[in-house]
Amino acid sequence: MAEGNHTLITEFILIGLTDHPMLKAALFPLFLVIYLITMVGNLGLIALIWKDSHLHTPMYLFLSSLAFADSCTTSSVTPKMLLNFLSTNHEITLAECFAQFYFMGSSATTECFLLSVMAYDRYLAICNPLLYPVLMSNRLCTQFIAVTYLLGVLHLAIHVGLLLRLTFCRSNIIQYYYCEILQLFNISCTDPTINVFVLLIFSISIQAFTFVTILVSYIRVLFAILRKKSEKGRSKAFSTCSAHLLSVSLFYGTLFLIYVCPGSGPVGDKEKMLSLFYTVIIPLLNPFVYSLRNKEVISAFRRVMKNT
């Protein structure tokens with residue numbers, strides 16, 4: 001198919017993390033193990049929360065939803081990356097490329113909103129413990145979760161819809177390990193100014209809104225913890241919140257550096273490493289960050305193992 005003197009591109013080539021054969025051979029088993037641990041960790045946490053009735057509370061329902069979002073994020077990127085480590089054919093069709101970006105982006109957006117709702121949940125639990133069962137019922141929790149996933153789906157539908165207005169005829173080389181939207185803008189023959197503007201507005205708005213929600217919630221939580229007279233109560237509250245704060249810091253830090261303060265020019269190793277953090281490393285860490293120091297999760301795991 002041609003437009004003027006240019007042949008329109010319907011397939012792309014993903015360069016990946018490296019083009020060195022020896023390094024590819026070394027990276028394949030590493031990322032395969034990381035992916036398997038990530039899926040076992042996240043899906044195992046979901047199964048544990050579903051299996052143990054003691055964990056059927058809003059906090060753990062949110063946590064299981066976060067684990068599912070993490071599974072979707074890494075599954076949209078890692079299998080293709082693993083395949084490209086073994087194959088010399090790195091081609092991906094236009095439809096597959098847009099689909100990969102859609103599922104990865106919608107999961108990441110959902111995670112943004114989930115992290116903010118989880119912070120609000122901790123605020124209610126620590127600052128209003130007596131009213132918490134009324135203010136955050138399981139039904140309201142389920143509605144919050146449904147809205148976060150709906151927002152993720154709708155947000156990416158806008159960006160993918162705008163991608164359809166672009167044509168690609170300059171190059172079919174994507175200097176990345178997945179179909180990242182900024183890289184698609186770089187090889188577009190159509191002026192992507194509108195796309196860049198919409199991406200920037202939505203990125204700033206979503207990250208600012210959700211981050212401010214988290215910040216305000218935890219500032220109030222901090223003051224509530226400091227007012228507690230019981231040392232045990234303060235220790236439990238800090239333990240509950242520290243895992244969430246670590247996850248938030250890693251997730252928002254990388255997203256901010258990539259999409260709110262993107263660099264110009266060809267993509268470098270720094271951008272790829274930052275991107276690996278929220279597509280591969282954070283989904284790997286989250287289930288362990290949230291469960292290893294959580295006595296309720298450990299107790300539930302022991303109960304399930306004892307009954308099997």
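At what angle do the axes of helix 1 (residues 21–51) and helix 11 (residues 295–307) cross?

1. **Packing of helices 1 and 11.** In this predicted model, the two axes cross at roughly 75° and come within 10 Å. Because angles of 65 to 115 degrees fall in that class, helix 1 is roughly perpendicular to helix 11. On the helix 1 side, the contact is made by Leu45, Leu48 and Lys51; their partners in helix 11 are Val297, Ala300, Phe301 and Val304.

2. **Nonpolar core.** The largest nonpolar core comprises 82 residues. Within this core, the residues with the most contacts are Phe12, Phe31, Ile174 and Phe251. Helix 4 (residues 94–127) supplies the largest share of the core, namely 17 residues.

3. **Surroundings of Phe31.** Leaving aside residues up to four places away in sequence, Phe31 touches Leu17, Thr78, Met81, Leu82, Phe85, Leu276 and Val280. Phe31 is also among the core residues named above for having the most contacts.

4. **Aromatic pairs.** The model contains 9 aromatic pairs. One of them joins Phe68 and Tyr149, whose ring centres are 6.2 Å apart. Their planes stand at 50°, so the pair is classed as tilted, since stacked requires under 30 degrees and edge-to-face over 60. This pair links distant parts of the chain: Phe68 belongs to helix 2 (residues 58–75) and Tyr149 to helix 6 (residues 138–163), with the two positions 81 residues apart in numbering. Phe68 is partly exposed, at a relative accessible area of 43%, and Tyr149 is likewise partly exposed, at 23% relative accessibility.

5. **A stacked pair and a cluster.** The rings of Tyr176 and Tyr177 have centres 5.5 Å apart and planes at 10°, so this pair is stacked. Tyr176 has 1% relative accessibility and therefore counts as buried; Tyr177 is also buried, at 1%. The cut-off for buried is under 20%. Separately, Tyr120, Tyr123 and Phe144 form one aromatic cluster.

6. **Annotated transmembrane regions.** According to UniProt, in an unreviewed entry, the feature "transmembrane region" is placed at residues 26–48, 140–158, 196–225, 237–260 and 272–292. How much of the span 140–158 is helix, and how much is strand? That span is 100% helix and 0% strand, and its end C-alpha atoms lie 27 Å apart. For residues 196–225, the end C-alpha atoms are 42 Å apart, and the span is again 100% helix and 0% strand.

How values were computed
Residues are numbered from 1 along each chain as its sequence is written. This is a predicted model: local features need pLDDT of at least 70, side-chain atom pairs count only at pLDDT 80 or more; totals for chains, interfaces and linings use all residues. Side-chain values use heavy atoms; hydrogens and water are left out. Rings of Phe, Tyr and Trp (its six-membered ring) pair if their centres lie within 6.5 Å; planes under 30 degrees apart count as stacked, over 60 as edge-to-face and the rest as tilted. Helices (H or I, at least four residues) and strands (E, at least two) are DSSP runs, numbered from the N terminus. Buried means under 20% relative accessible area, exposed over 50%, partly exposed in between (1.4 Å probe, protein chains only). UniProt positions are given in the numbering used here, feature names are shortened, and annotations may be inferred rather than shown by experiment. A nonpolar core is a set of buried Ala, Val, Leu, Ile, Met, Phe, Trp, Tyr and Cys residues joined through side-chain atoms within 4.5 Å. Contact means heavy atoms within 4.5 Å. Axes are lines fitted to C-alpha atoms, for helices over the stretch in contact, and angles run from 0 to 180 degrees between N-to-C directions. Angles under 35 degrees count as roughly parallel, over 145 as roughly antiparallel, 65 to 115 as roughly perpendicular and the rest as oblique.
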